[in-house]
Amino acid sequence: MYRSKRLCSHVDWFQVMDGWIVHYFAPEGIPPIPMDIVLVFDKSGSMLGRKMSQLQAALIKIINDVKETDRILLLSFSHSVHDWRRGMVAADLNNKEAAQQFVREQMAFGGRYYSTNSLIS
């Protein structure tokens with residue numbers, strides 16, 4: 001049995017997976033610290049299909065959850081690196097919407113497509 005005096009706290013969170021228990025908690029009475037968040041993602045041909053759609057959904061969710069006190073930077077790569085902005089920017093509503101649009105555009109114009117025949121010598 002696992003016991004926690006903080007079990008009823010609003011900041012406690014348990015996850016049970018494959019027999020392991022993870023207990024997430026945060027100290028009480030401490031304001032959140034602004035973060036600098038850098039998201040680097042692969043948009044190459046190896047990410048085509050389900051991996052690409054899962055990545056896009058995850059990135060959009062992460063961007064949506066970023067607090068306005070945080071700063072964000074996005075970089076995508078395939079055969080070269082593409083940056084969304086030059087340097088960290090405030091995670092205000094306009095920048096978060098623009099960042100999500102950047103993710104959608106990068107995924108839409110993702111990596112190279114190869115036909116099976118072109119890979120056979």
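Which residue is the bridge partner of I72 in β6? In this predicted model, that partner is V89. The contact belongs to the pairing of β4 with strand β6 (residues 89-90), which is antiparallel and rests on two bridges.

Strand β4 has further partners. With strand β5 (residues 81-83), β4 again pairs in the antiparallel sense, here over three bridges. Within this pairing, F77 is matched with V81 in β5, and the link from β4 to β5 is a hairpin of three residues. Towards β3, in contrast, the arrangement is parallel: seven bridges connect β3 to β4 (residues 71-77). Here D36 is found opposite R71 of β4. To get from β3 to β4 the chain passes through helix α1 (residues 50-65), and the resulting β-α-β crossover is right-handed.

Strand β3 also takes part in an aromatic contact. One aromatic pair is counted in the model. It is formed by F41 and F102, whose ring centres lie 6.3 Å apart; the planes meet at 75°, over the 60 degrees required, and the pair is therefore edge-to-face. Because F41 sits in strand β3 (residues 36-42) and F102 in helix α2 (residues 93-108), the pair ties together parts that are 61 residues apart in sequence. Are these two rings buried or exposed? F41 has a relative accessibility of 2% and so counts as buried. F102, at 7% relative accessibility, counts as buried too, since the cut-off for burial is under 20%.

Note on methods. Residues are numbered from 1 along each chain as its sequence is written. This is a predicted model: local features need pLDDT of at least 70, side-chain atom pairs count only at pLDDT 80 or more; totals for chains, interfaces and linings use all residues. Side-chain values use heavy atoms; hydrogens and water are left out. Rings of Phe, Tyr and Trp (its six-membered ring) pair if their centres lie within 6.5 Å; planes under 30 degrees apart count as stacked, over 60 as edge-to-face and the rest as tilted. Helices (H or I, at least four residues) and strands (E, at least two) are DSSP runs, numbered from the N terminus. Buried means under 20% relative accessible area, exposed over 50%, partly exposed in between (1.4 Å probe, protein chains only). Two strands pair if DSSP finds at least two bridges between them. A crossover is right-handed if, with the strands pointing away from the viewer, the path from the first strand over the helix to the second runs clockwise.
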